[in-house]
Amino acid sequence: MHKDCIYLDNNATTKVDPAIVEAMLPYFSDYYGNPSSMHTFGGQVGKAVRLAREQVAALLGAEESEIIFTSGGTEGDNAAIRAALLAQPQKRHIITTQVEHPAVLNVCQQLETQGYSVTYLSVNRQGQLDLNELEASLTGNTALVTIMYANNETGTVFPIEQIGLRVKESGALFHVDAVQAVGKIPMNMKTSTIDMLTLSGHKMHAPKGIGALYLRRGVRFRPMIIGGGQQRGRRAGTENVPGVVALGKAAELELLHLEEATAREKQLRDRLEQTLINTIPNCEVNGDPANRLPNTTNIGFKYIEGEAILLHLNKHNICASSGSACSSGSLEPSHVLRAMGLPYTILHGSIRFSLCRYTTEAEIDAVLAIMPDIVERLRALSPFKNDNVGWLQQQEKSVLGVGR
Amino acid sequence: MWDYTDKVMDLFYNPKNQGELEDSTEPGIKIAVGEVGSIACGDALRLHLKVEETTEKILEARYQTFGCTSAIASSEALVDLIQGSTLDEALKVTNKEIADYLGGLPQAKMHCSVMGQEALEAAIYNYRGIAPEVHEDDDEGALVCTCFGISDTKIKRVIRENNLTTAEEVTNYVKAGGGCGSCLATIDDIIESVRQESAAPSGNSLKKNTASQQAEKPLTPVQKIALIQKVLDEEVRPVLIADGGDVELYDVDGDSVKVLLQGACGSCSSSTATLKIAIESRLRDRVSKDLVVEAVEPSLL
Ligand code: FES
């Protein structure tokens, strides 16, 4: 990708902060020791790992001993879910939502084939949960409730602490996939109901391949990766030291910037969103307007298809992402937008813009300058110009409920 | 991510043939319209043809597409290919020619070219006053994929015209199998039947021969059991094992075949019915069309 591309796909991954690159570089060259070694050379490296652990703990308001380094969000989610089940073998029920990341959903689906029952909580048109549905699903047999903090596609933020209170009453463990939320929402594990929390480095300007799992002290943990005694036996394998150092530095920077960066991102995001909605007819924002990540907007442009929009944006060096995975017949449109019950006209034309602390005023202006034209061009090709098209209505009706 | 040819990109960025054709008042000119696709699947195409009635020549063609890059490029290609030709000539255009015109499409996007060809047919059938169902879903046209509403007639045709050999390819071309996936086994069977029919010599003499031999000499019970076991071992079990399951032959009594489903297959009650049907159709195909397969619950033994 071009160096001066306008990168508005930060929920997919982020640029590594130059300060983070600088922090990790010596651990490839000068300090290449094994942190578990007894000699001073390895010991220096061990110290760096400890510092990183403190930095990550500080971002979460947690204790250093409660942090386990992982290879990223997927490993964190997998490890948390499996550990929770192994620790309570007599309980066979899991609660999650229909809009989780595949790193949670696919694990739950596999567990169903192994005799677990799973409740997938539904969401409303704003992508928000119904706490009554959660309460009704909790039983003494529920081992684990695993719910994301914020949705990667719409930015909708779930009422995690309200959920946690109910989970605690039932005696189940509470895991939160906070990959999209950490660094965008202040966290304090000391006062939280969360037992386990997953985060990922590459969503917060650290490189890919490093993440962490917060594990509340006292919660029993059965490791998923077994081998040497690293990380007090909870995740074997020699630490990815440059990655760990990078994650530590990223955590430090997120904490430092959290308030001012999120305020700025929100202001830019709102301007982008409002201007698009006001200048382009027939489009709407997907997600919960009141409880949403400050950096994310997901907009459905009716009557046109997402990939076509993305490709036009791409021509102008603008990176965003689409809610419709039209890349294959086998890929259905986003399970998140479908769970929200959006009509197909909106669903297939949904585009997500996700900002970061590097996003500039000028970049938002560039998108605003080009977007109306792209939509107009594609709508000129579309057979569905308005909701009165009989063909369209007939199709919306006949396909309701198709698929999962 | 964008593995499109330059031709696809060029037609996508610079479309020339989009739009509608107004109903004509000119004598001897008729406008025909064909619509296909589904907004549920994220692509739909409406094709407009301006036809000279005496010659059946397509004087002009226009399209409107709700779809991705390759759907738009395929529509452009289609119009370029058929403008100026007669309806009969146009009917011969295959989806493969559309894809070739584009310098190829990613496998997963081949359904866009199929959609172009179908819209063309729909328009011509409309023009000629033939109801599309008569063509597409003739007597044998059984619905195979309920997720996307695809009949076996359509699946067979796309297999033949594009030489498809796997269910995955069929999904890429017509989407069948891309939803819940419960029709994949049936699609495999259709591929197999198309392959057999094309392997048979034109006079079908060989096929007739074996069929009549079979009719003359029915299998003995021992032969029948051996054949059932062989089909299960060679054709059914590998697929199930790959999915974490297995099947074991439990008993054969006349035409009733009892099997034990194991592993992932056994624990999921909804899959039992599907599996039974999949195994049954395979055994009927290979051994005898009268076989009835039953799954025995291990707990009942
Ligand atoms: S029936 Fe074909 S994919 Fe569901």
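These are my notebook entries on the two domains of chain A and on salt bridges in chains A and B of a predicted model.

**Entry 1: the two domains**

I began with how chain A is divided. Domain 1 takes in residues 6-11 + 258-400, and domain 2 covers 18-254. I then looked up the distance between their C-alpha centres, which is 29 Å. For contacts, I noted 30 residues on the domain 1 side and 29 residues on the domain 2 side of chain A.

**Entry 2: how much area is buried**

The size of an interface is often given as the accessible area lost when the parts come together. I looked that value up for domain 1 and domain 2 of chain A, and it is about 2,400 Å². Carbon and sulfur atoms give 54% of it. Which three residues supply more than any other three of the area that domain 1 of chain A buries against domain 2? I found Leu258(A), Leu293(A) and Arg357(A), which together supply 26%.

**Entry 3: polar links between the domains**

Next I checked for charged and polar pairs across this interface. There are two salt bridges between domain 1 and domain 2 of chain A. I also looked up a salt bridge of Arg357(A), whose partner is Glu254(A), at 3.1 Å from N to O. Residue pairs in polar contact across the interface of the two domains number 15, with both residues at pLDDT 80 or more.

I wanted to know which elements make up the domain 1 side. Helix H7 (241-279), strand S9 (283-286), strand S10 (296-301) and helix H9 (335-339) of chain A each supply at least two residues there. The largest share comes from H9(A), with four residues. By type, the residues on this side of domain 1 of chain A are 13 nonpolar, 12 polar and five charged.

**Entry 4: salt bridges that link distant parts of chain A**

I widened the search and got 35 salt bridges over all chains. One of them pairs Asp9(A) with Arg352(A), their closest N and O atoms 3.1 Å apart. These partners are 343 residues apart along the chain. Asp9(A) sits in the loop between strand S1 (6-7) and helix H1 (18-24), while Arg352(A) belongs to strand S13 (residues 350-354) of chain A.

Are the partners in this pair buried or exposed? Asp9(A) has a relative accessible area of 11%, so I wrote it down as buried. Arg352(A) is buried too, because its value is 8%.

My next pair was Arg217(A) and Glu63(A), whose side chains meet in a salt bridge at 2.9 Å, N to O. Here the partners are 154 residues apart. Arg217(A) lies in the loop between strand S8 (211-215) and H7 of chain A, and Glu63(A) lies in the loop between helix H2 (40-60) and strand S2 (67-70). With a relative accessible area of 55%, Arg217(A) is exposed. Glu63(A), at 33%, is partly exposed.

**Entry 5: over to chain B**

I finished with chain B. Asp290(B) and Lys289(B) form a salt bridge, with 4.0 Å between the closest N and O atoms. Asp290(B) is partly exposed at 45% relative accessible area, and Lys289(B) is exposed at 66%.

Which residues of chain B are linked in a network of salt bridges? I found Glu26(B), Lys50(B), Glu60(B) and Arg62(B).

How values were computed
Residues are numbered from 1 along each chain as its sequence is written. Chains are lettered from A and ligands numbered from 1 in the order in which they are written. This is a predicted model: local features need pLDDT of at least 70, side-chain atom pairs count only at pLDDT 80 or more; totals for chains, interfaces and linings use all residues. Side-chain values use heavy atoms; hydrogens and water are left out. Domain bounds come from an automatic or database domain assignment. Contact means heavy atoms within 4.5 Å. Buried area is the accessible area (1.4 Å probe) that two parts lose on being put together, summed over both. A polar contact is a pair of N or O atoms within 3.5 Å; within protein, one must be able to donate a hydrogen and the other to accept it, and residues adjacent in sequence count only if both atoms are side-chain atoms. Ala, Val, Leu, Ile, Met, Phe, Trp, Tyr, Cys and Pro count as nonpolar, Asp, Glu, Lys and Arg as charged, and the others, Gly among them, as polar. Buried means under 20% relative accessible area, exposed over 50%, partly exposed in between (1.4 Å probe, protein chains only).
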